[in-house]
Amino acid sequence: MSKTALISGITGQDGAYLAQHLLSLGYEVHGILARRSSPTTWRLEYLNILDKITLEEGDLTDASALLRIVLNCKPDEVYNLGAQSFVATSWAQPLLTAQATGLGAMNILEAVRQVRPEAKFYQASTSEMFGGMKEFPVQSETTPFHPRSPYGVAKLFAHWTTINYRESFNIFGCCGILFNHESPLRGIEFVTRKVTDAVARIKKGKQKDLHLGNIDVKRDWGFAGDYVKAMHLMLQQPEPDTYVIATGRTTTVRDMCKIAFGHVGLNYEDYVVIDPKFYRPAEVELLRGDPSKAYKKLGWKAETSLEELICMMVDADLKRV
């Protein structure tokens with residue numbers, strides 16, 4: 001018999017790719033849809049899977065709705081990908097971030113504990129929990145946490161809550177500490193997509209320059225379509241655990257710009273403008289993950305190089321423009 005999966009954040013980048021992957025494996029897929037005044041299902045339409053999933057109306061901040069959803073769809077696997085996930089916004093809206101990203105995870109975990117304790121649970125943790133750990137240039141599952149944003153703090157609450165439910169209530173709860181992962185489905189507010197969209201617009205004569213903040217920060221960037229496969233693999237293991245999912249390679253925003261502009265025959269130095277208003281109150285200078293545990297225990301490794309990823313995103317934005 002096919003399994004049933006419930007995904008919070010199904011309209012986001014990761015949720016859409018995960019839904020596509022699970023459908024390819026024969027799953028019945030349900031997704032939690034928070035109603036908004038503007039359409040939010042464009043990613044599901046982009047992947048041509050909107051009519052293949054069941055959307056359940058609810059919100060991570062509404063515990064009663066989550067109880068109803070879990071009770072009705074009786075999932076075998078629950079993937080909590082929903083969050084206020086833009087780091088910069090978390091300083092402007094720290095309480096919303098804490099409620100949706102932090103307490104939201106506890107709300108859905110509590111729903112699972114009360115009405116579907118046998119379900120396997122995945123929590124989308126993040127490399128932003130490591131924050132400013134300069135003495136640890138490569139971060140693994142045992143690296144201490146030091147979040148540098150309200151988003152990182154909220155994610156750390158959700159991360160430890162999942163481990164607490166694993167240890168206290170015997171919930172099969174896994175945490176995936178995912179490093180930056182991008183795709184053509186990335187929101188325009190994230191730096192990679194901001195860059196690739198600008199490259200397309202500049203190439204087509206619809207934009208003159210690109211304003212960025214600190215372009216010398218280093219990140220470990222991978223393809224979201226690769227990373228969602230690791231989420232599924234975690235829940236197929238005999239025991240729940242925590243895994244770092246990353247490429248193990250770091251690149252500066254500057255070099256990422258060089259790749260993107262170079263793909264269309266342009267020199268990034270002619271178009272990138274450093275703008276102080278895009279600097280963060282507390283910056284994370286370096287993130288680089290050690291995915292060796294995921295490779296050893298899950299057999300997972302990143303399949304898409306950064307160059308392939310950025311060119312894929314530029315090509316998609318050229319078509320959109």
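**A quick tour of the fold**

Across the protein chain, the secondary structure adds up to 11 helices and 13 strands. With 321 residues, the chain has a radius of gyration of 19 Å, close to the 20 Å expected from the globule rule, so it is as compact as a globular protein of that length. Please keep in mind that this is a predicted model.

**Overall shape and packing**

- Taken along the principal axes, the C-alpha atoms of the protein chain fill a box of roughly 60 × 45 × 40 Å.
- Buried residues make up 55% of the 321 in the protein chain.
- Among contacts in the protein chain with a separation of 6 or more, 79% come from residues 24 or more positions apart.

**Nonpolar cores**

- In soluble globular proteins, nonpolar side chains tend to be buried together.
- Here, the largest nonpolar core holds 59 residues, and I7, Y79, Y122, I245 and F261 are those with the most contacts inside it.
- Leaving aside residues up to four places away in sequence, F261 touches V199, I202, L210, L266, N267, Y268, Y271 and V272.
- Another core, of 16 residues, lies apart from the largest one, and its members include I32, I108, Y165 and I171.

**Surface and charge**

- About 14000 Å² of the protein chain is exposed, with carbon and sulfur atoms supplying 51% of that area.
- The protein chain carries 37 positive and 37 negative charges, and the mean positions of these two sets are 2 Å apart.

Methods. Residues numbered from 1 in each chain as written. Predicted model: local features only at pLDDT ≥ 70, side-chain atom pairs only at ≥ 80, totals over all residues. Heavy atoms only, no water. Helix = DSSP H or I, 4+ residues; strand = E, 2+ residues; numbered from the N terminus. Rg over C-alpha atoms; globule rule 2.2 N^0.38 Å. Buried < 20%, exposed > 50% of the residue type's maximum accessible area, 1.4 Å probe, protein only. Contact = heavy atoms within 4.5 Å. Areas by Shrake-Rupley, 256 points an atom, 1.4 Å probe, with all protein chains shown as cover. Lys, Arg positive; Asp, Glu negative; His and termini not counted. Charge placed at Lys NZ, Arg CZ, Asp CG, Glu CD. Core = buried A, V, L, I, M, F, W, Y, C linked by side-chain atoms within 4.5 Å.
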